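Please open the model in your viewer and keep the selection panel at hand. The stops below go from the whole chain to single residues.

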Amino acid sequence: MSRIPLPDRASVVVIGGGVIGTSVAFHLAEAGVPDVVLLERGELGCGSTCRAAGGVRAQFSDELNIALGARSLEAFTRFRERPGQEIDLHQVGYLFLLSTPEQVAAFERDVELQNELGVTSRMIDVDEARRLSPLIDTEGVLAAAFSPDDGHCTPESVVLGYATAARRHGAVLRTGIEVLDLERRGDCVTAVVTDRGTISAETVICAAGAWSAAVGEMAGVDLPVQPVRRQVMFTEPMPGLPPAVPFTIDFATSFYFHREGRGLLLGMSDPEQEPGFHLEYSDGWLPRLGAAIEARAPRLLDVGLAPGWAGLYEVTPDHNALIGRAEETANFLYATGFSGHGFLQAPAVGEVIRDLCLGREPFVDVRPLSAARFATGASVRPETHVV
Ligand SMILES: Cc1cc2nc3c(=O)[nH]c(=O)nc-3n(C[C@H](O)[C@H](O)[C@H](O)COP(=O)(O)OP(=O)(O)OC[C@H]3O[C@@H](n4cnc5c(N)ncnc54)[C@H](O)[C@@H]3O)c2cc1C
């Protein structure tokens, strides 16, 4: 544990050192905001970020998520220059396999919208899907949606890049420090109480991922975020694997895979998973995963599989993020509840939070993502590209 004392004041305290917190710290410090302090109770990236599959995409079903995804994708492609880090970006495309007429109709509408917004996705037939992703069995597949600019990159490298550049711009990022409470006066947060001392703060930003509801409570703000376990597995090295395997998703089952080193990373949702901070890897999902593999990528049954890890999705009731400035507590902002998309939205979200902090107009109107939407009934359309 570092013996360097905590600063006793900050213009902005960011709570959480995952991809969102480090992106926010970087964007604020780069914009010249002095005395930015980020507090992380573990190591940088140790929460959900280092458990992510690394998927990055702009294929979503509504304008706001498409905008956040596309803006971030652009930033990922230039990450080597700004903030200045190699992130092993593979733009191999995202391939959604569709097996009901309803799914096909919905994706046709979504692709049209994505195209209007400049995303180069397209509907493709079954033969082309098989050519792009040769491991799949296309029995029952009616069509697919493919977006060639999507792909995957390495979450730890993204965190490293943002953290290093934030520090270069003068931000203080401290690990091993737990935020225990927030002191409040009137409708403002005045200080952040930690296990290593108290920091007076002009602005506080919650980037605490699956743990955000507790941080919201400290500020008197309802952040409806539930932790839900998600798991991944790996295949052994697969000689002859094509160099560019798209991030392939069987939309009906949510089974997905992408290339990782010399093998594949595999994942899938488990509809029976109860919410909670379950972080241990469990074999409970294997029968369902095995059935999905048998139906959609049976060649993987002949390959050795190894358990990967468990992590937490930070899920909101409508599977859309919570981004904004709290109405009840004026100097408390939040960026959380990404419901499985936090890694891919992090660059754009860092920009948006920077602008909200500085009173600038963000590049996209995030008011529909206000946490207050659930209380006022002004809900946004549930995100449908949930995997
Ligand atoms: C298996 C799996 C696969 C995924 N795949 C993808 C994917 O392909 N693409 C994608 O976009 N997303 C994916 N995700 C989701 C993605 O990982 C998250 O949305 C994203 O990492 C959220 O980042 P964050 O910074 O908000 O949260 P985190 O990375 O969880 O960071 C929050 C941090 O806050 C810290 N913290 C909490 N409370 C306190 C406190 N009181 N004091 C101090 N520190 C505190 C925690 O220790 C933690 O490090 C996946 C998730 C899982 C589990």
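Of the contacts in the chain with a separation of 6 or more, what percentage is accounted for by residues 24 or more positions apart? The share is 74%, where contact means heavy atoms within 4.5 Å.

Two notes on conventions come before the first selection. This is a predicted model, in which local features need pLDDT of at least 70 and side-chain atom pairs count only at pLDDT 80 or more, while totals for chains, interfaces and linings use all residues. Residues are numbered from 1 along each chain as its sequence is written, and side-chain values use heavy atoms, with hydrogens and water left out.

**The whole chain**

Select the chain and show it as a cartoon: there are nine helices and 18 strands, both taken as DSSP runs (helices are H or I of at least four residues, strands are E of at least two) and numbered from the N terminus. The radius of gyration is 21 Å, close to the 21 Å that the globule rule gives for 387 residues, so the chain is as compact as a globular protein of that length; the radius is taken over C-alpha atoms, and the rule is 2.2 Å times the number of residues to the power 0.38. Along its principal axes, the C-alpha trace spans about 60 × 40 × 40 Å.

Switch to a surface, and about 15,800 Å² is exposed, of which carbon and sulfur atoms supply 51%; these areas come from the Shrake-Rupley method with a 1.4 Å probe, and for residues only the protein chains shown count as cover. Of the 387 residues, 55% are buried, where buried means under 20% relative accessible area, exposed over 50%, and partly exposed in between (1.4 Å probe, protein chains only).

Colouring by charge brings up 32 positive and 51 negative side chains, and the centres of the two sets lie 5 Å apart. Lys and Arg count as positive and Asp and Glu as negative, with His and the chain ends not counted, and each charge is placed at NZ of Lys, CZ of Arg, CG of Asp or CD of Glu.

**The nonpolar cores**

In soluble globular proteins, nonpolar side chains tend to be buried together. A nonpolar core is here a set of buried Ala, Val, Leu, Ile, Met, Phe, Trp, Tyr and Cys residues joined through side-chain atoms within 4.5 Å. The largest one has 50 residues, and those with the most contacts inside it are Val-14, Ile-20, Leu-68, Phe-76, Val-158, Ile-205 and Ile-323. The elements that give two or more residues to this core include strand 1 (9–15), helix 1 (19–30), helix 5 (155–168) and helix 8. Apart from it lies another core, of 27 residues, among them Val-13, Val-37, Val-225 and Ala-371.

Centre next on Ile-323; when its neighbours within four places in sequence are left aside, its contacts include Leu-68, Tyr-334, Phe-338, Val-349, Ile-353 and Leu-369.

**Around helix 5**

Ser-157, in helix 5, counts as buried at 17% relative accessibility. Beyond residues up to four places away in sequence, Ser-157 touches Phe-79, Gln-85, Glu-86 and Ile-87. Move on to His-169, in the loop between helix 5 and strand 8 (172–175), which is partly exposed at 38% and touches Phe-26, Ala-29 and Glu-30, again not counting residues up to four places away. A distance label drawn from the C-alpha atom of His-169 to that of Asp-149, 20 residues apart along the chain, reads 30 Å.

**Backbone stops in loops**

Display the peptide bond from Arg-82 to Pro-83, which is cis, with omega near 10 degrees; Pro-83 is in the loop between helix 2 (63–77) and strand 4 (94–98).

Which of two residues with positive phi, His-319 or Ser-339, is buried? His-319, with a phi of about 60 degrees, lies in the loop between strand 16 (305–315) and strand 17 (322–325) and is partly exposed at 29%. Ser-339, with phi near 55 degrees, sits in the loop between strand 18 (332–336) and helix 8 (342–358) and is buried at 1%.

**A last pair**

Finish at Asp-195, in the loop between strand 10 (188–194) and strand 11 (197–206), where the C-alpha atoms of Asp-195 and Glu-178 are separated by 5.7 Å.
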